[in-house]
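Please open the structure in a viewer and keep the selection panel at hand. The tour below proceeds from one selection to the next.

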2 protein chains.
Amino acid sequence: MRILGIDCGAERTGYGVIESDGRAHRLVDWGVVRTRPADPLSTRLQAIAEALRAVIARNAPAAAAVEEVFYAANVKTALKLAHVRGVALLAVAEAGLPCAEYSALAIKTAVVGYGRAEKRQVQMMVASVLGLEAPLASEDASDALAVAICHATTAATRRRVQASRMEVLR
Amino acid sequence: MRILGIDCGAERTGYGVIESDGRAHRLVDWGVVRTRPADPLSTRLQAIAEALRAVIARNAPAAAAVEEVFYAANVKTALKLAHVRGVALLAVAEAGLPCAEYSALAIKTAVVGYGRAEKRQVQMMVASVLGLEAPLASEDASDALAVAICHATTAATRRRVQASRMEVLR
């Protein structure tokens with residue numbers, strides 16, 4: 001199954017697409033949508049929406065996953081991020097994709113096996129799981145891939161992958 | 001000039017369209033987009049985006065205005081609202097409309113003449129300014145019209161209306 005992970009941010013929104021059977025994962029596409037802080041938020045949202053639509057059209061994922069909003073740190077930043085997240089959820093919904101949401105804790109636990117893992121550890125494990133020689137240059141794309149891997153390894157997704165296999169066998 | 005005001009909310013998003021020369025204002029369209037709390041946020045965002053696109057297509061406004069996010073009260077509610085706001089800003093930007101943002105204080109000052117006016121006073125003044133016999137049944141639509149009236153009465157908008165008139169006269 002092909003899964004799109006999105007790591008929302010007002011300045012940089014990372015995305016990553018993997019192909020997964022629930023156990024083995026392969027990197028398909030990744031990148032970062034950068035927007036200029038000087039531009040109005042609406043212009044930046046438009047750029048992010050367009051880029052995500054293009055990513056979806058190009059890769060045809062069967063599902064998407066995003067991180068839940070975390071707002072303990074900075075409410076202003078969280079509010080800006082929520083605008084971007086709204087646009088990302090819209091792009092995913094308009095493409096007809098189911099969208100799962102995971103907490104940072106769940107993502108780190110799924111990828112590293114430890115909910116309080118450091119950013120660097122997540123990047124290393126994402127690279128390792130995808131069989132890359134080195135971590136991706138972009139931390140945002142790496143985070144997006146971590147969300148996709150988290151979704152791929154949840155029990156529910158595994159069942160779905162197996163169910164679709166059974167249908168192929170029938 | 002035709003102005004679209006939007007009052008964002010996860011459960012109810014109000015909209016109001018007025019025709020204004022900066023002094024006199026006429027009600028053109030208003031309504032509320034209701035979404036079901038039981039539905040996933042992405043489904044609700046999709047419904048709001050579709051409705052706002054239809055409102056824009058139907059009324060062809062020249063500008064839009066929304067309220068700034070206010071988050072002192074409840075961060076969770078503000079975050080949900082920010083998702084909706086992101087989608088609203090996107091719909092407006094993709095229609096090629098300039099979008100102005102005003103604080104609650106600025107809106108109340110513009111409509112009632114008093115920044116700490118009660119909700120009910122705003123509703124009464126919106127009705128009065130638009131020459132309606134009674135306040136609108138929907139508080140959300142009324143709030144959306146208040147944003148539109150605020151935008152219509154700002155100095156910058158007045159100048160723009162006058163400039164477009166001059167061009168017509170030339």
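Begin in chain B of this predicted model by selecting residues 12-20, strand β2, together with residues 25-34, strand β3. The two strands run antiparallel and are joined by 9 bridges. To see how they are matched, select Ile18(B), which stands opposite Leu27(B) in β3(B). Then follow the chain into the turn: β2(B) and β3(B) form a hairpin with 4 residues between them. Within that turn, select Gly22(B), whose phi is positive, at about 100 degrees.

Next, display both chains and turn to the contact between them. Which residues should be coloured here, and how many does each chain contribute? Chain A and chain B each give 21 residues to the contact. Together the two chains bury about 1,900 Å², of which 73% lies on carbon and sulfur atoms. Select Leu79(B), His83(B) and Leu90(B): in chain B these lose the most area to chain A, together accounting for 27% of what that side buries.

For the polar part of the contact, select Glu94(B) and Arg53(A). These residues form a salt bridge, with 2.8 Å between the closest N and O atoms. Between chain B and chain A there are 2 salt bridges in total, and the count of residue pairs in polar contact is 4, with both residues at pLDDT 80 or more.

Now colour chain B by element. On its side that touches chain A, the elements giving two or more residues are α1 (41-59) and α2 (75-94). The largest share, 13 residues, comes from α2(B). Colouring by residue class instead divides this side of chain B into 13 nonpolar, 4 polar and 4 charged residues.

Finally, view the two chains as a pair. What turn lays chain B on chain A? A turn of 180 degrees, with a shift of 0.0 Å along the axis, does so with an RMSD of 0.0 Å. The two copies are therefore related as by a two-fold rotation axis. To locate this axis from chain B, return to His83(B): its C-alpha is the nearest of that chain, 2.3 Å from the axis. The same surface serves both copies, as 100% of the contact residues of chain B recur in chain A.

Key. Residues numbered from 1 in each chain as written. Chains lettered and ligands numbered in written order. Predicted model: local features only at pLDDT ≥ 70, side-chain atom pairs only at ≥ 80, totals over all residues. Heavy atoms only, no water. Contact = heavy atoms within 4.5 Å. Buried area = accessible area lost by both parts, 1.4 Å probe. Salt bridge = Lys/Arg side-chain N within 4 Å of Asp/Glu carboxyl O. Polar contact = N/O pair within 3.5 Å; in protein donor to acceptor, adjacent residues only side chain to side chain. Nonpolar A, V, L, I, M, F, W, Y, C, P; charged D, E, K, R; others polar. Pairing = 2+ DSSP bridges. Least-squares fit on C-alpha atoms with pLDDT ≥ 70 in both.
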